[in-house]
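Let's take a walk through this structure together, one step at a time. Keep the 3D view open and turn it as you read.

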Amino acid sequence: MKINDVILRTVTKIVVFIILTFGVYLFLSGHNTPGGGFIGGLVLASAIVLLYLSHDIETVQKSLPLDFKLVAASGVLLATGTGIGSLLFGAPFMSQTFAYFDLPVFGKTELTTVTIFEAGVALAVVGVVVTIILSISEDE
Amino acid sequence: MMNNIIVLPLIIPIMVGVILVFLRPYVKTQRVISLVTMLGMAGISLYILNKIQTEGILRLDFGGWEPPFGILFVADSFAMLFVLTANIVTAICLIYAFSSIGESHEKMYFYPFVLFLIAGVNGSFLTGDMFNLFVCFEVMLLASYVLVTLGGKKAQLRESIKYVVINILSSWFFLVALAYLYGALGTLNMAHLSERVAEVGQGPLLTTISIIFLIVFSLKAGLLLFFWLPGSYSVPPTAIAALFGALLTKVGIYALFRTFTLIFYHEPSITHTLIGIMAGVTLVLGCIGAIAYKDVRLIASYNVVIAVGFILVGLAVATQASLEGSIYYVIHDMVAKAMLFLIAGTMIALTGKTKINEISGLIRNYPLFGWMVFVVTCSLAGIPPLSGFVGKVLVGQGAIESGSYILLALAFLSSIVVLYSLLRIFLSSIFGETIISVEDEVPLKKGMIISIVLLAIGTVSLGLGAEFISGYVSDAAHTLFNPSVYIEAVLGGNK
């Protein structure tokens with residue numbers, strides 16, 4: 001029997017963008033204020049899981065053709081890579097650095113290597129959470 | 001202080017493991033890369049170990065945050081001897097896995113998880129921070145959960161549910177103990193903890209906290225609380241079982257040694273006596289198990305338990321000689337236990353049977369293999385010139401010095417039981433009339449026998465070359481026996 005889920009689908013279309021925006025906001029504010037790659041990643045993952053819930057797995061995979069195991073792996077690679085990167089500059093492992101830049105739209109912005117590390121964490125979290133949910137859903 | 005090299009034993013396996021995830025379909029490439037990585041790690045460990053001898057204990061403050069504020073890695077001889085041996089043993093187990101584990105495992109991320117496991121093991125040995133120790137434990141355990149269930153046979157799932165539940169429970173205890181410790185002392189840096197415990201005195205509260213740690217690490221090491229061990233170590237494929245038997249309990253043992261020589265060493269009449277009692281009971285129960293069963297894998301698993309008891313006797317009496325003996329014995333045991341598990345697995349692979357009374361006369365079909373069984377028997381029983389001997393003598397010497405005659409008696413009786421339990425395998429399964437006719441003979445794969453022979457060479461050269469490593473071992477025992485050396489290396493210079 002096909003469940004009538006028009007309301008869920010309609011709401012999801014809008015809410016997913018709100019969640020994604022909020023996730024990105026949390027992710028970017030992470031290194032100075034509450035938030036960060038882990039929390040941002042969880043929120044981003046929840047948006048993707050919501051898509052899976054309201055549509056079926058095949059539809060989402062058609063528009064989002066990612067192997068989430070590899071997403072998680074590239075996240076770990078990125079995060080550990082920034083740690084290793086500091087070795088190239090003769091600094092202790094996991095050192096971070098930051099500087100202020102004048103960007104056209106944002107004005108004076110702080111850019112830091114922590115953000116790259118956090119991006120790795122976020123990718124790892126998204127990959128792992130979605131993989132877990134998908135594995136559970138495959139289990140009949 | 002800048003010693004970025006000491007983070008490599010943690011970070012290289014993780015990064016290589018992740019890269020192997022992308023190379024999933026290319027089994028040959030995965031094999032080559034993982035073996036080269038492990039050999040490279042062994043080389044790096046050896047280099048670090050030698051560097052410690054000339055420059056003293058090395059430390060690395062992550063991100064430049066100085067102790068006690070940041071997280072740090074500390075490499076002393078004790079930690080590096082463990083790291084070096086663990087990496088060599090893992091490399092050899094990988095060689096065994098190439099010819100035995102099967103393509104379905106290899107395509108299901110077997111190599112990445114072995115690398116993650118070794119990363120967690122190395123991290124646990126190297127870290128200088130209690131919470132980081134917890135994190136590294138978890139890295140190791142998560143990888144081991146996957147490895148123990150990989151394949152998904154019924155027995156595996158049955159035993160792994162016990163393994164996972166007991167480890168999650170003990171991890172929770174670990175976390176609670178950490179919270180108590182932080183609440184009581186306001187720090188989690190091991191050297192700083194040691195300093196503060198010495199300042200305020202190890203009162204009843206701190207001793208209680210130390211006993212919680214004792215319970216946690218005993219669960220991980222299989223000291224007295226080993227009820228989960230024989231089952232979960234006997235179900236996974238041979239190469240994985242060998243890795244578990246050789247490495248995982250050693251991490252718990254390492255944590256026990258670190259905690260009770262560096263931090264909680266002020267009330268030996270309570271904590272060390274308790275460790276002594278637990279070690280004694282472990283020896284007795286392990287011996288009963290090793291004699292009672294006929295399944296080769298269970299005999300091997302109970303031998304792990306006996307070894308844990310024996311090594312902890314060295315900590316319980318805590319003289320410099322006994323600590324040295326325990327370190328020797330841990331190194332020996334990693335090599336010899338890996339060998340024992342590989343041999344047990346090979347016997348099952350060759351005959352398809354698991355009980356020793358169903359197997360007979362293997363030496364007629366596979367002479368070299370038969371003699372390897374003899375070598376591991378002698379080695380584990382501590383017969384000179386093989387590697388178990390030095391450790392047993394030194395632990396015995398320590399026990400005599402401190403007058404712990406009961407532990408001494410138990411430790412040496414256990415050696416006889418080890419000898420008996422393994423000779424039983426040798427006499428009933430290796431000697432005697434062969435059950436395999438020439439036509440039915442399954443060829444012994446080269447990878448299998450090569451890795452067993454390599455471990456045999458390891459145990460022989462550890463025994464003959466005891467002189468050669470004694471410098472490293474006595475430096476390690478010196479650091480354990482004098483916590484001020486470790487504290488000075490971590491906190492000295494930035495006060």
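pLDDT is the predictor's confidence in each residue, on a scale from 0 to 100. You will need that term here, since what you are looking at is a predicted model. For chain B, the average pLDDT is 92, and 99% of its residues reach at least 70. Within that chain, confidence is highest in helix H5 (residues 110–126) of chain B, with a mean of 96, and lowest in helix H15 (residues 362–365) of chain B, with a mean of 86. Chain A has an average pLDDT of 87, with 97% of its residues scoring at least 70. Among the elements of chain A, helix H2 (residues 37–54) has the highest mean, 92, while strand E2 of chain A has the lowest, 80. For the model as a whole, the scores are ipTM 0.89 and pTM 0.94.

Let's begin with chain B. Its secondary structure comes to 21 helices and two strands. The radius of gyration of chain B is 22 Å, close to the 23 Å that the globule rule gives for 495 residues, so chain B is as compact as a globular protein of that length. If you draw a box around its C-alpha atoms along the principal axes, the box is roughly 75 × 55 × 40 Å. How much of chain B is buried? Of its 495 residues, 59% count as buried. The contacts also tell you how the chain folds back on itself: among those between residues at least 6 apart in sequence, 82% join residues at least 24 apart.

Now zoom in on one helix, H9 (residues 204–221) of chain B. This helix has 18 residues and reaches 25 Å from its first C-alpha to its last, close to the 26 Å expected at 1.5 Å a residue. Its buried residues include B:Leu206, B:Ile209, B:Phe213 and B:Phe217, and B:Ser210 and B:Lys220 are also among them. Which elements cover these buried residues? They include helix H7 (154–185), helix H8 (190–200), helix H11 (238–263), helix H12 (271–292) and helix H13 (296–317) of chain B. Just after H9(B) comes B:Gly222, which has a positive phi, near 80°.

A single residue can show how distant parts of a sequence meet. Find B:Leu350, in helix H14 (residues 320–351) of chain B. B:Leu350 has 20 C-beta neighbours inside 10 Å, so it counts as buried. Leaving out residues up to four places away in sequence, B:Leu350 touches B:Leu362, B:Val442 and B:Leu444. Take the last of these: B:Leu350 and B:Leu444 are 94 residues apart along the chain, yet their C-alpha atoms are separated by 7.2 Å.

Next, turn to chain A. It has five helices and two strands, and from the N terminus on its elements run α-α-α-α-β-β-α. Its C-alpha trace spans about 65 × 35 × 25 Å along the principal axes. Of the 140 residues of chain A, 29% count as buried. Among its contacts between residues at least 6 apart in sequence, 67% join residues at least 24 apart.

The two strands of chain A are worth a look. Strand E1 (residues 98–103) and E2 of chain A pair in the antiparallel sense over six bridges, and they form a hairpin with three residues between them. Within this pairing, A:Phe101 stands opposite A:Thr109 in E2(A). Is strand E2 (residues 107–112) of chain A buried or in the open? None of its six residues is buried, so E2(A) lies largely in the open.

After the hairpin, look for A:Ile116, found in helix H5 (residues 113–138) of chain A. With 16 other C-beta atoms within 10 Å, A:Ile116 is partly exposed. Not counting residues up to four places away in sequence, it touches A:Leu78 and A:Thr82. A:Asp56, by contrast, is 60 residues from A:Ile116 in sequence and 33 Å from it in space, C-alpha to C-alpha.

Finally, bring both chains into view. How many residues of chain B are in contact with chain A? There are 14, and they meet 15 residues of chain A. On the chain B side, helix H1 (8–22) and strand E1 (58–61) of chain B are the elements that give two or more residues. H1(B) gives the most, with six residues. The residues on this side of chain B divide into ten nonpolar, three polar and one charged.

How values were computed: Residues numbered from 1 in each chain as written. Chains lettered and ligands numbered in written order. Predicted model: local features only at pLDDT ≥ 70, side-chain atom pairs only at ≥ 80, totals over all residues. Helix = DSSP H or I, 4+ residues; strand = E, 2+ residues; numbered from the N terminus. Contact = placed C-beta atoms within 7 Å. Nonpolar A, V, L, I, M, F, W, Y, C, P; charged D, E, K, R; others polar. Expected span 1.5 Å × (residues − 1). Buried ≥ 20, exposed ≤ 12 C-beta atoms within 10 Å, placed from the backbone. Rg over C-alpha atoms; globule rule 2.2 N^0.38 Å. Pairing = 2+ DSSP bridges.
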